[in-house]
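Work through the exercises below with the structure open beside you. Try each task before reading its solution.

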Amino acid sequence: MTSENDPKQERIDRYIDQNLKKVFADLEKDKMPDEIVDLLTVLRAQDEELKAKNERS
């Protein structure tokens, strides 16, 4: 097992962090398909309806 101050492990961790940030930055720029947006809208509405129903009970 490597220690917390292992320079090699620190380089590996930095490399992974940088690449994950790149991947997610690229994904953030992509437009979400309309079907997914519609599904999320329906699910949010159902969630709000369920919350309101539970508050009344």
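**Exercise 1.** Check whether the length of helix H1 fits its number of residues.

*Solution.* This is a predicted model. Helix H1 covers residues 7-29, which is 23 residues. Take 1.5 Å a residue, applied to one less than the number of residues. The expected span is then 33 Å. The end C-alpha atoms of H1 are 33 Å apart, so the two values agree.

**Exercise 2.** Find a side-chain contact at the start of H1.

*Solution.* Go to aspartate 6. One of its side-chain oxygens comes within 3.2 Å of the backbone nitrogen of lysine 8.

**Exercise 3.** Is isoleucine 12 buried, partly exposed or exposed?

*Solution.* First locate isoleucine 12: it sits in helix H1. Its relative accessible area is 36%. Buried needs under 20%, and exposed needs over 50%. Isoleucine 12 is therefore partly exposed. Now look across the chain to glutamine 46, 34 residues away in sequence. The C-alpha atoms of the two residues are 43 Å apart.

**Exercise 4.** Decide whether the protein is spread out or a compact globule.

*Solution.* Start with the elements: 2 helices and 0 strands. The globule rule gives 10 Å for 57 residues. The radius of gyration is 21 Å, well over that value, so the protein is more spread out than a compact globule. Next, take the C-alpha trace along its principal axes: about 55 × 30 × 15 Å. Finally, check burial: buried residues make up 0% of the 57 residues.

Terms used:
Residues are numbered from 1 along each chain as its sequence is written. This is a predicted model: local features need pLDDT of at least 70, side-chain atom pairs count only at pLDDT 80 or more; totals for chains, interfaces and linings use all residues. Side-chain values use heavy atoms; hydrogens and water are left out. Helices (H or I, at least four residues) and strands (E, at least two) are DSSP runs, numbered from the N terminus. The radius of gyration is taken over C-alpha atoms; the globule rule is 2.2 Å times the number of residues to the power 0.38. Buried means under 20% relative accessible area, exposed over 50%, partly exposed in between (1.4 Å probe, protein chains only). A polar contact is a pair of N or O atoms within 3.5 Å; within protein, one must be able to donate a hydrogen and the other to accept it, and residues adjacent in sequence count only if both atoms are side-chain atoms.
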